[in-house]
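Colleague: I want to go through this model term by term. For each label, tell me what earns it.

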Amino acid sequence: MIITLKKGASQKELDLVLEKIQKLGYKPHVSRGKDVTIIGMIGEYAEKYKDIFDSMEAVEHISEIQKPYKLASRQFHTENTIIKVSRSLEIGGKKIQVMAGPCAVEGKDIFFKTAKAAKEGGASILRGGAFKPRSSPYTFQGLGEKGLKIMKEAGKKYHMPIISEAMTVEQTVLLSKYCDIIQIGARNMQNYDLLKAVGKQSKPVLLKRGMSATIKEFLLSAEYILSQGNYNVMLCERGIRTFEDSTRFTLDLNAVPVLKKLTHLPIILDPSHGTGIREYVSTMAKASIAAGADGLIIEIHPNPEEAFSDGPQSLFPEQFAIMMKELNPIAQAVGRELLD
Ligand code: PEP
Ligand code: MN
């Protein structure tokens, strides 16, 4: 249930409403817009207390959120959410943010080389996997904490926030110590304990869509994170499983306008995993921006043929730089900014 306060309601009046919600055993979620303050009282049977709030002086009106996901819905938060990653970097605003880096951190020298290429190409955030969710247990599983240390050092050198994936509840502690954004991978989109754990820490979260998840399931997974008090969640479309086998996955571009309508959360597109083939990445990156994505996540590698993972979809540094230049006018055509 959503409680909308009257324009100009005071802090004292807001506190009274919050106190009442807490006394009834619910957790209030406050969303302050330009003019109105709305409070989400979310939980089973919340609606039965409607009359108590209706009679309060500061309350303008009460409405029910029809969708099963509440805090993620546009009804709860009509304006786009803008996530502040650092003092100078926001996700969800006018500027499209591009995250680039290797699939996995393979070693210090090669990672620094990749970070330099990401920076020079115009990326604003550095990606890299330290804990890798590989389909086979016999393939490279990541450098773990050592990889995170390398990432942190490179991020500092090139002035870029870093993003890496947490696969377990325990890893979220390490990840929130080293990283600026925590990634939850497609294979863990419905690992509810993990979602709750990242919801309890304060770093922004990039939640990837499960390869067989519907948009409703995707938003309900985001709701798990939001419900724990972390409102800095961005959604990542990374390709879904279809009957088509000429690409690794099928990048679901429909998801962009659909999500934009249903939710206020920023949307990041991953054409690297979405196609699985280097040759198609740039085209689908362009299409993603034209469709309204707030950001991209792109795999690059100085020597993709020798990459420990996802080489076939990783761009060479020069391809990345060319792609970024080509994306710029498309961003401008849809009223966004990309390169400085
Ligand atoms: C990745 O970003 O390298 C990755 C494993 O992504 P996904 O979870 O989308 O497969
Ligand atoms: Mn990968």
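Modeller: What follows is a set of questions on the labels, each answered with a value and a cut-off. Keep in mind that this is a predicted model.

Colleague: Start with the overall fold. What makes the radius of gyration agree with a compact globule?

Modeller: For 340 residues the globule rule gives a radius near 20 Å, and the protein has 21 Å, so the two agree. The C-alpha trace spans about 65 × 45 × 45 Å along its principal axes. The protein has 11 helices and 14 strands.

Colleague: How much of the protein is buried?

Modeller: Buried residues are 53% of the 340. The cut-off is under 20% relative accessible area. As for contacts between residues at least 6 apart in sequence, 68% join residues at least 24 apart.

Colleague: Now the metal. Which atoms are called donors of the manganese ion (ligand 2)?

Modeller: The protein donors are Cys103 (SG), His273 (NE2), Glu299 (OE) and Asp310 (OD). They lie 2.0 to 2.4 Å from the ion. The cut-off for a donor is 2.8 Å for this metal, so these atoms qualify. Water is not among the atoms, so the site may look incomplete.

Colleague: What spacing do the donors follow along the chain?

Modeller: The pattern is C-x169-H-x25-E-x10-D. Within it, cysteine 103 and glutamate 299 link distant parts of the chain, 196 residues apart. Cysteine 103 is in the loop between β7 (97-101) and α3 (108-121), while glutamate 299 is in strand β14 (residues 295-299). Both residues are buried.

Colleague: How many disulfides are there?

Modeller: The count is zero. The test is two cysteine sulfur atoms within 2.5 Å. Take cysteine 236: its sulfur is 13 Å from the closest cysteine sulfur, in cysteine 103, so it is too far for a bond. Cysteine 179 is in no disulfide either, as the nearest cysteine sulfur, that of cysteine 103, is 15 Å away.

Colleague: Why are cysteine 179 and cysteine 236 called buried?

Modeller: Cysteine 179 has 0% relative accessibility, so it counts as buried. Cysteine 236 has a relative accessible area of 0%, so the label holds there too.

Colleague: What makes a set of residues a nonpolar core, and how many residues has the largest?

Modeller: The members are buried nonpolar residues joined through side-chain atoms within 4.5 Å. The largest such core has 70 residues. Leu207, Ile298 and Phe320 have the most contacts inside it. Helix α7 (residues 215-227) gives the most to this core, with six residues. A second, separate core has 16 residues, including Leu18, Ile39, Ala46 and Phe53.

Colleague: What is isoleucine 298 in contact with, leaving aside its neighbours within four places in sequence?

Modeller: Among its partners are Val98, Met99, Ala100, Pro271, Val281, Leu315, Phe320 and Met323. Arg127 and Ser272 are also on the list.

Colleague: How do you know that the span of α7 agrees with the expected one?

Modeller: At 1.5 Å a residue, its 13 residues should span 18 Å; the end C-alpha atoms are 18 Å apart, so it agrees. Its buried residues include Ile215, Phe218, Leu219 and Leu226. Their cover includes β2 (27-32), α6 (192-200), β11 (205-208), β12 (233-237) and α8 (255-262). Glycine 229 follows α7, with a positive phi near 105°.

Colleague: And what span does α3 reach?

Modeller: Its 14 residues reach 20 Å from first C-alpha to last, close to the 20 Å expected. The buried residues of α3, among them Phe111, Phe112 and Ala115, pack against β7, β8, α4 and α11 (317-333). Glycine 122 follows α3, and its phi is positive, near 110°.

Colleague: Two single residues to finish. Is serine 135 buried or exposed?

Modeller: Exposed means over 50%, and serine 135 is at 72% relative accessibility, so it counts as exposed. Serine 135 lies in the loop between β8 (125-127) and α4 (145-157). Its C-alpha is 9.8 Å from that of arginine 187, 52 residues apart along the chain.

Colleague: And threonine 275, buried or exposed?

Modeller: Its relative accessible area is 3%, so threonine 275 is buried. Threonine 275 is found in helix α9 (residues 271-275). Leaving aside neighbours within four places in sequence, its contacts include Thr247, Arg248, Phe249 and Tyr280.

Conventions
Residues numbered from 1 in each chain as written. Chains lettered and ligands numbered in written order. Predicted model: local features only at pLDDT ≥ 70, side-chain atom pairs only at ≥ 80, totals over all residues. Heavy atoms only, no water. Donors = N, O, S within 2.8 Å, 3.2 Å for Na, K, Ca; no water. Helix = DSSP H or I, 4+ residues; strand = E, 2+ residues; numbered from the N terminus. Buried < 20%, exposed > 50% of the residue type's maximum accessible area, 1.4 Å probe, protein only. Contact = heavy atoms within 4.5 Å. Expected span 1.5 Å × (residues − 1). Rg over C-alpha atoms; globule rule 2.2 N^0.38 Å.
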